[in-house]
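Biologist: Could you take me on a close look at one part of this protein, the mixed sheet and what surrounds it? I would enjoy a connected account that I can follow on screen, with a look at the rest afterwards.

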Amino acid sequence: MQNTLKSLRALADATRLRIIALLEREELSVNELQEVTRMGQSRISTHLGLLQESGLVRSRRDGKRTFYKLNRDADVVAQEFIQLAVRGAREMPEYSSDQINLKRILTRRNEQAQVYFNQVAGRFDRSYGPGRSWQAFGHLLLRILPPLVVADLGSGEGLLSELLARRAKKVIAVDNSEKMVGFGANKAKKNGLKNLEFRLGDLEDPPIDAQSVDLVILSQALHHAENPARTIQSAHRLLRPGGQIVILDLLKHNFEQAHELYGDRWLGFADSDLHCWLETAGFKKIEINVVAREEEPPHFQTILAGAEG
Ligand SMILES: C[S@@+](CC[C@H](N)C(=O)[O-])C[C@H]1O[C@@H](n2cnc3c(N)ncnc32)[C@H](O)[C@@H]1O
């Protein structure tokens, strides 16, 4: 059958006009249409089937539910039919009650979400929410990273370097473990990260030209340095004017086993020590905060220090 004839046939029924007028306002499920019109499910489904066949209405699956809406991509003639149908529906006695019922259902839809969020407000950030994770937030924040040249000192096998390389102009990852460097370099190659270069070297004297990078990162690496103050001075030397240093480390703790268990040289740092070393090296705009505290004993706390070179 021709499209025009199909549309005419589809609209030659009062119920289908009512449905068109309802879908003009909002995408609706069969259940919702049932509630608004007080009609049985099979009747509604039959009407929707005809409207869909005529191309005036479209459907979308969402899990077990199917939602229907007007086909906004339909041709000009179909759009005109839709407008006519809506006008016709407005003249029907059921129109005003349909619209009142629709409003009620839409309000309830919004309220369902609101009830949940009102209940969890205050503990939401500490509770599980599908898709919400620090990992995801990390990726989001990376998106706004400008294309910098980054030195990741004590990079390990490059978890952070790899993330940064997806946005940075270049990342130079330095580590003094041959195995870490070898493993990291292979992984970067396998992942096609041409702007990530691993170099074998010491973080106290990194094999990087002076004043050649925009950002130096020391993530859980400074407490391995023999001389942390000297390491921070070296980092300053690598930075272009206005460059930044970011240090993630552990706040000073008493968990002696960290020497053996994790090969740590220092049991974290007091923020005053970090501040002093940064200032002595020539850094400005120093900011130091504790940003995380582990739930499990010995309750390691992570300290974040940032400053401008
Ligand atoms: C705890 S891991 C941190 C890895 C990485 N930055 C991260 O946050 O996932 C410390 C890394 O520093 C490296 N490292 C220790 N002492 C170093 C030094 N003096 N020079 C360069 N790298 C060093 C180790 O080989 C190790 O890969």
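Modeller: Here is a walk through that sheet and its surroundings, followed by the other parts. Please keep in mind that this is a predicted model.

Let's start with the strands themselves. Seven strands make an open sheet, in the order β6-β5-β4-β7-β8-β10-β9, and their pairing is mixed. The edges are taken by β6 (196–200) and β9; each has a single partner strand, so one side of each is left without a neighbour in the sheet. On average, and with direction ignored, neighbouring strands here are turned by 15° against each other.

For a closer view of one pair, go to β7 and β8. Strand β8 covers residues 239–250, runs parallel to β7 and is joined to it by 6 bridges. If you want a pair of residues to find on screen, take Leu215, whose bridge partner in β8 is Gln244.

Next come the helices on this sheet. α12 packs on the sheet and touches β8, β9 and β10, with its direction at about 155° to that of β9. Helix α9 (residues 178–190) lies across β5 (170–175) and β6, and runs at about 165° to β6.

α12 also has a helix as a partner. Helix α10 (residues 228–238) and helix α12 (residues 271–281) pack with their axes 9 Å apart, at an angle of about 40°. The two are therefore oblique to each other, and the crossing of α10 and α12 is right-handed. On the α10 side the contact is made by Pro228, Ala229, Ile232, Gln233 and His236, and on the α12 side by Leu274, Trp277, Leu278 and Ala281. Sorted by class, this contact of α10 with α12 has 7 nonpolar residues, 2 polar ones and no charged ones.

The loops around the sheet deserve a visit too. Gly156 sits in the loop between β4 (149–153) and α8 (159–165). Its relative accessibility is 14%, so Gly156 counts as buried, the cut-off for that being under 20%. Leaving aside residues up to four places away in sequence, Gly156 touches Asp175, Met180 and Phe198. Met180 falls within the residue range of α9, and Phe198 within that of β6. Between the C-alpha atoms of Gly156 and Lys187 there are 12 Å, with 31 residues separating the two along the chain.

Two more loops have backbone features to look out for. Most residues other than glycine have a negative phi, and most peptide bonds are trans. Gln220, in the loop between β7 (213–219) and α10, has a positive phi of about 50° although it is not a glycine. With a relative accessible area of 27%, Gln220 is partly exposed. Further along, Pro298 lies in the loop between β9 (284–293) and β10 (301–308). The peptide bond leading from Pro297 to Pro298 is cis, with omega near 5°.

Now for the rest of the chain. There is another open sheet, with 3 strands in the order β1-β3-β2 and antiparallel pairing. Here β1 (28–29) and β2 (57–62) stand at the edges with a single partner strand each, so one side of each is left without a neighbour in the sheet. β1 pairs with strand β3 (residues 65–70) in the antiparallel sense over 2 bridges, and Ser29 stands opposite Phe67 in β3.

Another place to stop is Arg38, in the loop between α3 (30–37) and α4 (41–53). Arg38 has a positive phi of about 60° although it is not a glycine, and at 60% relative accessibility it counts as exposed. Asn101, found in helix α6 (residues 95–120), touches Arg38 along with Glu35 and Val36, not counting residues up to four places away in sequence. Asn101 itself counts as buried, at 14% relative accessibility.

A last helix pair closes the walk. The axes of helix α2 (residues 14–25) and helix α5 (residues 76–90) come within 8 Å and cross at roughly 105°, which makes α2 roughly perpendicular to α5. Leu17, Arg18, Ile20, Ala21 and Glu24 of α2 make the contact with Ile82, Ala85, Val86, Gly88, Ala89 and Arg90 of α5. By class, the contact of α2 with α5 has 7 nonpolar, 1 polar and 3 charged residues.

Note on methods:
Residues numbered from 1 in each chain as written. Predicted model: local features only at pLDDT ≥ 70, side-chain atom pairs only at ≥ 80, totals over all residues. Heavy atoms only, no water. Pairing = 2+ DSSP bridges. Helix = DSSP H or I, 4+ residues; strand = E, 2+ residues; numbered from the N terminus. Buried < 20%, exposed > 50% of the residue type's maximum accessible area, 1.4 Å probe, protein only. Contact = heavy atoms within 4.5 Å. Axes fitted to C-alpha atoms, helices over the stretch in contact; angles between N-to-C directions. Parallel < 35°, antiparallel > 145°, perpendicular 65-115°, else oblique. Left-handed = near helix turned anticlockwise from the far one by under 90°. Nonpolar A, V, L, I, M, F, W, Y, C, P; charged D, E, K, R; others polar.
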